[in-house]
Amino acid sequence: MKRLLHSLPLAAALLAPLAALAEPSAIYLVRHAEKAATGKDPELTAEGQARARNIAAILQHTGITHVFSTPYVRTRQTAQPLAQRNALAVETYDPREPKALVDRVRALSGAVLVVGHSNTVLELVRLFGGTPGADIADDEYDRLYQLAPAAGGAVATVRLTSLPPSAAH
């Protein structure tokens, strides 16, 4: 037992650099899909449900290991098709605490999907080190960001477009 206790500091010192390497291989950020026009916590419309399935199809082979969503119905419904496809739980985060989410995600490995809102996605892109571009319009639902670690600690930002709902058929 004494020998084991003396070995723990050495083991921790050897493993610490590996823990520092634990960061996502890519982070995908998207605003929730089209929502119903009424209600305090609206569901997705049929078009929004189709877009959510399209996002799942786009990201199905990216190695997503974690899916994050705010606790709202529209964001959870946007995240659900990919989570189901990859047999993952949708993990919730507080949109008022973006730095807490960033810290949580940075401790993970593999690719991660984060579903947010038009007024939160750009700040998350910035906090992850990406370049968000122009504001997201109220009627804009197709913006999909891919953030990937680049040389020298930089983050490469790729702005993709999710397929329109009509492409689901």
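Is R96 buried or exposed in this structure? R96 is exposed, with a relative accessible area of 68%, and the views below, drawn from a predicted model, begin with this residue.

**View 1. The salt bridge between R96 and D94.** The side chain of R96 meets the side chain of D94 in a salt bridge, with 3.0 Å from N to O. The two partners can be described by their accessibility: R96, at a relative accessible area of 68%, is exposed, while D94, at 28%, is partly exposed. The value for D94 falls between the cut-offs, because buried means under 20% and exposed means over 50%.

**View 2. The salt bridge between E34 and R51.** In this pair the closest N and O atoms are 2.9 Å apart. E34 belongs to the loop between β1 (24-31) and α2 (46-59), whereas R51 belongs to helix α2, so the salt bridge ties together parts that are 17 residues apart in sequence. Both residues, E34 as well as R51, are buried. By the rule applied to this model, the count of salt bridges comes to 6.

**View 3. The network around E140.** E140 and R159 form a salt bridge through their side chains, at 3.5 Å from N to O. This pair links distant parts of the chain, since E140 is found in the loop between α5 (121-127) and β5 (143-149) and R159 in strand β6 (residues 155-161), 19 residues apart. E140 is buried, with a relative accessible area of 15%. Through salt bridges that share partners, E140, R143 and R159 are joined into one network.

**View 4. The hairpin of β5 and β6.** Strands β5 and β6 run antiparallel and are joined by 7 bridges. One of the residues to look for is L147, whose bridge partner in β6 is T157. The hairpin has 5 residues between the strands, and in this hairpin G152 takes a positive phi near 70°.

**View 5. The largest pocket.** The volume of the largest pocket is about 220 Å³, and 13 residues line this pocket. Among these lining residues, E23, R106, F128, P149 and V155 lie nearest the centre of the pocket. The elements that contribute two or more residues to the lining are β1 and β5. When the lining residues are divided by character, 10 are nonpolar, 1 is polar and 2 are charged.

Note on methods:
Residues are numbered from 1 along each chain as its sequence is written. This is a predicted model: local features need pLDDT of at least 70, side-chain atom pairs count only at pLDDT 80 or more; totals for chains, interfaces and linings use all residues. Side-chain values use heavy atoms; hydrogens and water are left out. A salt bridge is a side-chain nitrogen of Lys or Arg within 4 Å of a carboxyl oxygen of Asp or Glu. Helices (H or I, at least four residues) and strands (E, at least two) are DSSP runs, numbered from the N terminus. Buried means under 20% relative accessible area, exposed over 50%, partly exposed in between (1.4 Å probe, protein chains only). Two strands pair if DSSP finds at least two bridges between them. On a 1 Å grid over the protein atoms alone, a cavity is a set of points where a 1.4 Å probe fits but cannot get out, and a pocket is an open set with protein on both sides within 12 Å along at least five of seven lines; lining residues have an atom within 4 Å of a point. Grid points are joined across faces, edges and corners, and a volume is the space filled by probe spheres set on the points. Ala, Val, Leu, Ile, Met, Phe, Trp, Tyr, Cys and Pro count as nonpolar, Asp, Glu, Lys and Arg as charged, and the others, Gly among them, as polar.
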